[in-house]
Amino acid sequence: MEPIAHIHTDFTSKFGVPRQAGLVRELRATIVFAPEYRNPEALRGLDGFSHLWLIWEFSQCVGKPWSPTVRPPRLGGNARMGVFATRSPFRPNPIGLSCVELVGVEEHTPQGPVIYVAGADLMDGTPIYDIKPYVPYADCHPEAVGGFAQDAPEQKLKVEIPPHLLCLIPEGKREALVGVLAQDPRPPYKRDSQRVYGFGFGGLEVHFTVDNGVARVVDIHG
């Protein structure tokens, strides 16, 4: 297999990326096709669907060893589960699957046809192997049982960004950044109220602390 496209997001590293697609709907991303797949005909009818499946590569895990058991963040990073009962990137084949919201399709751009999506949980530059429409009658199972991840994460942090730092963030990205921080991007086994954490977002470096359920942005720079 070879990538048909790459996705462009606000995340330059995996730190900060939501742990599942759809958790931060305000996040926006653009899918740009490889030159040989820049044919608008391949997207005919796509705009009739509200959501898409993306099949992609954990590109930072290629060639790395896999383990039959992993420590899911959902369980605090302390309990081990079988790799096939998780969505860990350290798999025999480093393939990811995400359901994203289709925001729009633009057929004629300098980069050929592009797809705009919301809620993606992918790093910038992630290779995309395939795109398929989400079909509600077949893909939606309200009766499904989710094992140890039955419900969406309940704990959300309150986010505080001082006005002098908030003005450094493009207006169209502010809600997305707040959503990312509210999800608490810290590793579950490395949570220190005295530590300053940081990650790249939208071309900026965002630094924050977390204490008593509040994520406070302490510095932003380019």
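Asp184 counts as buried in the predicted model, because its relative accessibility of 4% falls under the 20% cut-off. This residue belongs to the loop that connects α3 (174-182) with β10 (197-201). Its phi is near 60°, a positive value in a residue other than glycine. A positive phi also occurs at Asn212, where the angle is near 55° and the residue is again not glycine. Asn212 sits in the loop between β11 (204-211) and β12 (214-221). With a relative accessible area of 74%, Asn212 is exposed, whereas Asp184 is buried. The two loop residues thus share the sign of phi but stand on opposite sides of the burial classification, because 4% lies under 20% and 74% lies over 50%.

Strand β10, which follows the loop of Asp184, is mostly covered, with four of its five residues buried. It runs antiparallel to β11, and five bridges join the two strands. Within this pairing, Phe201 has Leu204 of β11 as its bridge partner. The two strands form a hairpin with two residues between them, and in this hairpin Gly202 adopts a positive phi near 60°.

Aromatic contacts also involve this region. Seven aromatic pairs are counted in the model. In one of them, the ring centres of Phe199 and Phe208 lie 6.0 Å apart and the ring planes meet at 75°, so the arrangement is edge-to-face. The distance satisfies the limit of 6.5 Å for a ring pair, and the angle is over the 60 degrees required for the edge-to-face class. Phe199 and Phe208 are both buried. Ring pairs further link these two residues with Phe15 and Tyr197 into a cluster.

At the N-terminal end of the strand numbering, β1 (residues 5-8) presents two faces of contrasting cover. Ala5 and Ile7 make up the covered face, while His6 and His8 make up the uncovered one. Strand β1 pairs with two other strands, β2 and β8. With β2 (residues 28-33), the pairing is antiparallel and extends over four bridges; here Ala5, from the covered face, has Phe33 as its bridge partner. With β8 (residues 126-133), the strands likewise run antiparallel and are joined by three bridges. In that pairing, His6, from the uncovered face, is bridged to Pro127.

How values were computed. Residues are numbered from 1 along each chain as its sequence is written. This is a predicted model: local features need pLDDT of at least 70, side-chain atom pairs count only at pLDDT 80 or more; totals for chains, interfaces and linings use all residues. Side-chain values use heavy atoms; hydrogens and water are left out. Buried means under 20% relative accessible area, exposed over 50%, partly exposed in between (1.4 Å probe, protein chains only). Two strands pair if DSSP finds at least two bridges between them. Rings of Phe, Tyr and Trp (its six-membered ring) pair if their centres lie within 6.5 Å; planes under 30 degrees apart count as stacked, over 60 as edge-to-face and the rest as tilted.
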